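Subject: Structure for your review

Dear colleague,

Please find below the structure that I am handing over to you. I should be grateful if you would read the notes beneath it with the structure open.

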Number of protein chains: 2
Amino acid sequence: MELKRERVREHLLTMIDSRRPGDAIPSERTLCATLGVSRPTLRAAVDELVATGLLVREHGRGMFVAPDKITQELVAENHVADAPRSRGSWTSTVLDLRTVHAGARIGRRLAISPASELVHVTRLRHVDGAPIALEHLHVPADLVPGLTAADLEGGFYAHLRRRRGIRPAHAVQSIEPTVLNEEEAALLEVPVLSPALLFDRTTSDTGGRPVEYVRSLYRGDRYRIVSRLTLGEGRADPAAEDVGRGGAWWGTVE
Amino acid sequence: MELKRERVREHLLTMIDSRRPGDAIPSERTLCATLGVSRPTLRAAVDELVATGLLVREHGRGMFVAPDKITQELVAENHVADAPRSRGSWTSTVLDLRTVHAGARIGRRLAISPASELVHVTRLRHVDGAPIALEHLHVPADLVPGLTAADLEGGFYAHLRRRRGIRPAHAVQSIEPTVLNEEEAALLEVPVLSPALLFDRTTSDTGGRPVEYVRSLYRGDRYRIVSRLTLGEGRADPAAEDVGRGGAWWGTVE
DNA sequence: CAGTGGTCTAGACCACGCC
DNA sequence: GCGTGGTCTAGACCACTGC
């Protein structure tokens, strides 16, 4: 049997999709009547969407589709030196592998037509048997015809180099905090609304052609980024050295 | 008037403090009777503590103090090159500045006695007028006697160098996702349980002496870490180049 | 003033773990 | 069977917004 909260959430999500940021959505009491649920039930569903950043509530005014994020980006300026370390034995399980149409959002990321095909792989990553990350990998279908789950076992980059003659060269990645929805939380075996890190990465090959777009969710209770920073002295702008004001975030590791 | 949920949360927090990880706490119905609240109200308070990772629920068994975190640490191995960039005009407001005893946890971080004094500064940071981060700065009191809010205006590191003859040289920092409690959410002007990034940093001077311990919460809806990675080719272990398995996370920025 | 979200109650039924 | 958490209801009152 399906939970009422889920049904309400789906209804709200399609409602949000069909509107623009800032648009109002019906009042709580109206929605209760429309969907045939009590107010606490409706509010529980709305709570989740508010925490996820899709809806905003304004006391005495109403509920609205959240405005577009205005993000303060903090960029790391440093040279890559080597691969990072992590402990434990990593394994990964392919949950799904299918060819789909790119769509507008992902098409733009990969610089391909929204109508063109791409391979969408859903993977669950484990450390020492415990699920730690849920990964969505998107690759233009013409780059990897006939891709199978087995091809991913030795690492996708290795597969691209050895079997496809594609050399991933650089990537742009963003990291932001988020909370997990019902489905994600279930796969990662944590309670709903648990904190997580969202990694968003687009990788290009030596020719500058985008070869993959990856969205990964890492469990917040099992995952942490640790870095060791070296703070120089003779900077042009001493104020920039105050880490809290945008100082050196990344550095040499132990 | 105080919210019931807050009173319940405080009660639960002291209950958690007085127990050890894994210990059971009374059942929901028992707590309702003890605290004189209805079950949905109690559950709302518990939901918050579960999302924060302090309590775990087990269906049919009961509620327990959460076990200690087992964290998968991912370290960045690279050289610091320069300070990162961020846009907008940053300002900061000192909410509180007081001298307190270090206590066990922070004393250990700063390698000082739990009984010794330290200065605790609470700052709210803004970008273009909007609150974006809540920062708790802890400094051994004997390093900065007579510290005032004005001393922090040009940047704390600059103050240490110019007025105290202390040269911060390196730091160890961790970043993890979390959700904001009622108080933090109010200060940052976002809904409770909103996602945030928790920065935890200990900085030492050229002699290796810890000079500050900082805990900062950054709004997840306004803050994002962006980095550009360069993926080398001739690695010893090709599997390590698969970013998803622990590949190169940090790199040269545009 | 009417309509909105914010909070809270008392009680019901279900699903799961344990004895 | 019994106690646990998981879900849901119907309705109440308060606080805020806007006319």
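The notes that follow cover the two DNA strands, a pair of helices and several single residues.

This is a predicted model, in which local features need pLDDT of at least 70 and side-chain atom pairs count only at pLDDT 80 or more, while totals for chains, interfaces and linings use all residues. Residues are numbered from 1 along each chain as its sequence is written, chains are lettered from A and ligands numbered from 1 in the order in which they are written, and side-chain values use heavy atoms, with hydrogens and water left out.

DNA strand C

There are 24 residues around DNA strand C, and A:E28, A:R29, A:R43, B:K4 and B:T41 come nearest; a residue is near a strand if one of its heavy atoms lies within 4 Å of it. Sugar or phosphate accounts for 63% of the atoms of DNA strand C within 4 Å of the protein, and bases for the rest.

Three polar contacts may be noted here. The term stands for a pair of N or O atoms within 3.5 Å; within protein, one must be able to donate a hydrogen and the other to accept it, and residues adjacent in sequence count only if both atoms are side-chain atoms. The side chain of A:R39 places an N or O atom 2.9 Å from a base nitrogen of DNA strand C. A base nitrogen of this strand is also 3.4 Å from a polar side-chain atom of A:H59. At B:K4, a backbone N or O atom lies 2.7 Å from a phosphate oxygen of DNA strand C.

Two or more residues each are given to this surface by α2 (28-35), α3 (39-52), β2 (55-58) and β3 (62-65) of chain A, together with α1 (4-17) and α3 (39-52) of chain B. Helices (H or I, at least four residues) and strands (E, at least two) are DSSP runs, numbered from the N terminus. The largest share of the surface near DNA strand C, 3 residues, is that of α3(B). By class, this surface has 4 nonpolar, 9 polar and 11 charged residues, where Ala, Val, Leu, Ile, Met, Phe, Trp, Tyr, Cys and Pro count as nonpolar, Asp, Glu, Lys and Arg as charged, and the others, Gly among them, as polar.

DNA strand D

Of the 25 residues around DNA strand D, those that come nearest are A:K4, A:S38, A:T41, B:E28 and B:R43. Among the atoms of DNA strand D within 4 Å of the protein, 64% belong to sugar or phosphate and the rest to bases. A polar backbone atom of B:E28 is 2.9 Å from a phosphate oxygen of the strand. Base nitrogens of DNA strand D are approached by a polar side-chain atom of B:R29 at 2.9 Å and by a polar backbone atom of B:G60 at 3.1 Å. The largest share of the surface near this strand, 3 residues, comes from α3(A). That surface comprises 4 nonpolar, 9 polar and 12 charged residues.

Helices α2 and α3 of chain B

The axes of α2(B), residues 28-35, and α3(B) come within 9 Å and cross at roughly 110°. Axes are lines fitted to C-alpha atoms, for helices over the stretch in contact, and angles run from 0 to 180 degrees between N-to-C directions. The two helices are therefore roughly perpendicular to each other, a term for angles of 65 to 115 degrees. In contact (heavy atoms within 4.5 Å), B:E28, B:R29, B:L31, B:C32 and B:L35 of α2(B) meet B:R39, B:L42 and B:R43 of α3(B). These residues divide into 4 nonpolar, no polar and 4 charged.

Single residues

A:H170 lies in strand β9 (residues 168-179) of chain A. A:H170 is partly exposed, with a relative accessible area of 23%; buried means under 20%, exposed over 50%, and partly exposed in between (1.4 Å probe, protein chains only). Not counting residues up to four places away in sequence, A:H170 touches residues of both chains, including A:D205 and B:R228.

A:D205, in strand β10 of chain A, is buried at 7% relative accessible area. A polar atom of the A:D205 side chain lies 2.9 Å from the backbone nitrogen of A:G207.

Most residues other than glycine have a negative phi. A:L193, however, has a positive phi, near 70°, and B:D128 has one near 50°. A:L193 is buried, at 16% relative accessibility, whereas B:D128 is exposed, at 55%.

Yours sincerely

Key
Parallel < 35°, antiparallel > 145°, perpendicular 65-115°, else oblique.
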